[in-house]
Amino acid sequence: MAEEAKKRVFSGVQPTGKITLGNYLGAIRNWTPLQEQYDCLFCVVDLHSLTVAQVPAELRKNTLDLVALYIACGLDPNKSALFIQSHVHEHAELAWILDTVAYVGELNRMTQFKDKSRKHADNINMGLMNYPVLMASDILLYQTQYVPVGKDQVQHVELTRDIAERFNARYSDTFVVPECLVSKTGSSIKSLQEPTAKMSKSDPNDNAVLSLTDDADAIRRKLRRAVTDSDTDVHCVHHSANKPGVSNLLNIYSLMSGTTVAEAERLFEGKGYGTFKDAVADVVISVLQPIQAEQKRLLADKSYLESVLKDGAEKASCIAQKTLSKVYRKVGLIPKIR
Ligand code: AQP
């Protein structure tokens, strides 16, 4: 009997700055176990990052740093295709076709577009509005079944489903309609300074963000300064609206140590915030230090990283070409004469 084809998983992170603990717990860390079961493609979505102003040299550095970080976090190039979005030109080409299927009204309603338009009022470019269409292209190009993302990206995956269904209804069955995989616990890590807002790598307040490359001193300092509450004891209901700061730290502690939030609460019951924050720092440092060492080692081996990226782009291109030529045929474009 023929072996059943593995279902496909696609996800990516933008190289827009230092990768945060939110990106790690909401996305990258959850990708690693999926490699055993699915046909996985993980991408550094550099084209997306151009929707906000980037310094070209920094973008190049951030992109390679992120590739090395993926591997250091446990993504295995022998199991998954690891590649850079701009190395597979079909992403941008399919996005153009999908642009003719997506409606301005629905793009206008996207929360991220509204947030980023507010934050970058001097640069509300078409790319910022089109971001979800490029993301739909990333996903649909690979006939993806599952998209593991944090909560903030769920709206975009839902739009991707709408676009896929609309295209399929208009031109006959073409795309797999993907589903979100959102982890129950790490899907929304909050800012250390404003714990009702998400932790974001583009946050201008460095104290609000735990970056995966922060050294032990920085991690401890930022956690000590993290906003908690006026009480002195830790006894919070998880995700309590009254104690979002403590709730966020308990969530981080539990995810990084492998205990449940209830166990963590019991452990710190009656203890002051100072002891609690130091314990959170200890566990964050102990998880991040080996990742940082491995990332550093990989970055020193440029030819290895290049070979990973070459293989990843080849594998991705193979699938992408098939989907794009099918799409071009369906919409009525004449295939190139070879
Ligand atoms: N705070 C978070 N908690 C859980 N998951 C998160 N993700 C982002 N922030 C958190 C998830 O990380 C993946 C990659 O995100 P992205 O780089 O594509 O863009 P983003 O969602 O806009 O992330 P940032 O950090 O906020 O980037 P900037 O500041 O550049 O906009 C996604 O799966 C996302 O859900």
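In this predicted model, the count of aromatic ring pairs comes to nine. One of them is formed by F10 and Y142, whose rings are stacked, with 5.6 Å from centre to centre and 10° between the planes. F10 belongs to strand β1 (residues 8–13), whereas Y142 sits in the loop that runs between α7 (126–140) and β4 (146–148), so this pair ties together parts of the chain that are 132 residues apart in sequence. Both F10 and Y142 are buried. The pairing also extends to a further ring, since F10, F83 and Y142 are linked by ring pairs into a cluster.

Another of the aromatic pairs is that of Y38 and Y146, which is edge-to-face, at 5.4 Å centre to centre and with 65° between the planes. Here Y38 comes from the loop between α1 (21–31) and β2 (39–44), while Y146 lies in strand β4, and the pair therefore ties together parts that are 108 residues apart in sequence. Buried means a relative accessible area under 20%; Y38, with 14%, is therefore buried, and Y146, at 15%, counts as buried too.

The two pairs are set out below.

| Aromatic pair | Arrangement | Centre to centre | Angle between planes |
|---|---|---|---|
| F10 and Y142 | stacked | 5.6 Å | 10° |
| Y38 and Y146 | edge-to-face | 5.4 Å | 65° |

Turning to helix packing, the axes of helix α4 (residues 90–99) and α7 come within 8 Å and cross at roughly 120°, an angle that makes α4 oblique to α7. The crossing of these two helices, α4 and α7, is right-handed. On the α4 side the contact is made by E90, H91, A92, L94, A95, L98 and D99, and on the α7 side by N130, V133, L134, A136, S137, D138 and L140. By residue character, the contact of α4 with α7 is made up of eight nonpolar, three polar and three charged residues.

A further packing involves helix α3 (residues 56–72) and helix α13 (residues 302–331), whose axes are 11 Å apart and meet at an angle of about 85°, which makes α3 roughly perpendicular to α13. In this contact L64, V67, A68 and I71 of α3 meet Y304, L305, V308 and L309 of α13. The residues of the contact of α3 with α13 comprise eight nonpolar, no polar and no charged, whereas the contact of α4 with α7 includes three polar and three charged residues besides its eight nonpolar ones.

Terms used
Residues numbered from 1 in each chain as written. Predicted model: local features only at pLDDT ≥ 70, side-chain atom pairs only at ≥ 80, totals over all residues. Heavy atoms only, no water. Phe/Tyr/Trp six-rings, centres within 6.5 Å; stacked < 30°, edge-to-face > 60°. Helix = DSSP H or I, 4+ residues; strand = E, 2+ residues; numbered from the N terminus. Buried < 20%, exposed > 50% of the residue type's maximum accessible area, 1.4 Å probe, protein only. Axes fitted to C-alpha atoms, helices over the stretch in contact; angles between N-to-C directions. Parallel < 35°, antiparallel > 145°, perpendicular 65-115°, else oblique. Left-handed = near helix turned anticlockwise from the far one by under 90°. Contact = heavy atoms within 4.5 Å. Nonpolar A, V, L, I, M, F, W, Y, C, P; charged D, E, K, R; others polar.
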